[in-house]
Protein chains: 2
Amino acid sequence: MAEAPLNVGLLLHIPYRAMESRVFQALAAAGFDDFTPAQARVFQRIGPEGSRLTDLAEQAQITKQSAGFLVDQLERAGYVERVPDPTDARARLVRVAERGAKAIPLAAAVVAEVEAEWARHLGERRMSQLRGILTQLREITDPWQ
Amino acid sequence: MAEAPLNVGLLLHIPYRAMESRVFQALAAAGFDDFTPAQARVFQRIGPEGSRLTDLAEQAQITKQSAGFLVDQLERAGYVERVPDPTDARARLVRVAERGAKAIPLAAAVVAEVEAEWARHLGERRMSQLRGILTQLREITDPWQ
DNA sequence: CTACTTTAATCAGAGGCTCTGACTATCTGT
DNA sequence: ACAGATAGTCAGAGCCTCTGATTAAAGTAG
């Protein structure tokens, strides 16, 4: 794809993967060792009041069948629960359950820690530029606004 | 993981995924429709003189069994070939084959096109800042130098 | 030169992730 | 009331990745 000056796509992927590994290592060390990246990509999108399976699938850019498969596992492991959607009898809301709620602050802490490391390396100024540029870039690269 | 101000990890992932989709769409449209992201992650790392399976596996951060599986498929599809390593009879070099060589300039063109779109949106100045910051960030997030 | 250790690659088996296609139940709009 | 759209599931297939064991060749020490 590129050689000498790594393409920006790859450059974006490298720190992303580093962040992801750190979060998963920390979660596993804290006993959340049944928890896969694929499950996390769905779990992450669950809104405060719960989300419908179809919405989770769209946002994670997978089919609803795949999302259903992953939610099944998250449910079995106690991270989420499914409740009827009061506004639509066809639908069910996927909500964060007790065990999932415990994992969230832990993950958030690791994210904050890694971001702090990056800020130390880049300097606060460049770190905040990075955030600003990525937010602007999101305008044309995020299909889900 | 985060809510209001998206965490930087996620912000990095959004444009990466956009870039990847664009490249795969273009390859598929040009007849390279048997070519998966997993295969690409290995293919991408093949050096100009060919690379050993073990090195490809390390750089792609997968096991050598997985790398072997993917190289098998790339070989069957004509993207790569395996030749004996003249310096070590245990090893074989995975090299880009004819069909693979044809796909490379196409992928490079799409990468350039997407980068140009991003530069238009961000402005040349911020695009070049992005590249610089990511390159610096790579120093502490890339296990392979 | 021989024995031990390491390295490159493969084989075998298992499980996880994602997809397409088909189906049921419910809602929406006319 | 009916046709079409939407939420979710079931069934089946294929792809990706892993752990553990194995073969062959290299490197190393005595």
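What follows is a walk through a predicted model of two protein chains and two DNA strands, starting with one chain and ending at the DNA. Because the model is predicted, local features need pLDDT of at least 70 and side-chain atom pairs count only at pLDDT 80 or more, while totals for chains, interfaces and linings use all residues. Residues are numbered from 1 along each chain as its sequence is written, chains are lettered from A and ligands numbered from 1 in the order in which they are written, and side-chain values use heavy atoms, with hydrogens and water left out.

Let's begin with chain A. It has six helices and three strands; helices (H or I, at least four residues) and strands (E, at least two) are DSSP runs, numbered from the N terminus. Read from the N terminus, the order is α-α-β-α-α-β-β-α-α. The C-alpha trace of chain A spans about 55 × 35 × 30 Å along its principal axes.

The three strands form an open, antiparallel sheet in the order S1-S3-S2 (chain A), where two strands pair if DSSP finds at least two bridges between them. On the edges sit S1 (51-52) and S2 (80-84) of chain A, each pairing on one side only. S1(A) is joined to S3 (residues 92-96) of chain A by two bridges, and A:Ser51 has A:Val94 in S3(A) as its bridge partner.

Now bring in the second chain. Here 46 residues of chain B are in contact (heavy atoms within 4.5 Å) with 46 residues of chain A. The size of an interface is often given as the accessible area lost when the parts come together. For chain B and chain A, the buried area (accessible area, 1.4 Å probe, that two parts lose on being put together, summed over both) is about 4,900 Å², with 67% of it on carbon and sulfur atoms. The rule finds zero salt bridges across this interface, a salt bridge being a side-chain nitrogen of Lys or Arg within 4 Å of a carboxyl oxygen of Asp or Glu. It does find eight residue pairs in polar contact, with both residues at pLDDT 80 or more; a polar contact is a pair of N or O atoms within 3.5 Å, and within protein one must be able to donate a hydrogen and the other to accept it, with residues adjacent in sequence counting only if both atoms are side-chain atoms. On the side of chain B that touches chain A, H6(B) gives the largest share, 15 residues.

On to the DNA, where a residue is near a strand if one of its heavy atoms lies within 4 Å of it. Of the 22 residues around DNA strand D, A:Lys64, A:Arg90, A:Arg92, B:Thr36 and B:Gln65 come nearest. The side chain of A:Arg92 puts an N or O atom 2.5 Å from a phosphate oxygen of strand D, whereas the side chain of B:Gln65 has one 2.5 Å from a base oxygen. B:Ala89 uses a backbone N or O atom, 3.0 Å from a phosphate oxygen of strand D. H4(B) supplies the largest share of this surface, five residues.

DNA strand C also has 22 residues around it, and A:Thr36, A:Gln65, B:Lys64, B:Arg90 and B:Arg92 come nearest. The side chain of A:Thr36 has an N or O atom 2.6 Å from a phosphate oxygen of strand C, and a polar side-chain atom of B:Arg90 lies 2.5 Å from a base oxygen. H4(A) gives the most to the surface near strand C, with five residues.
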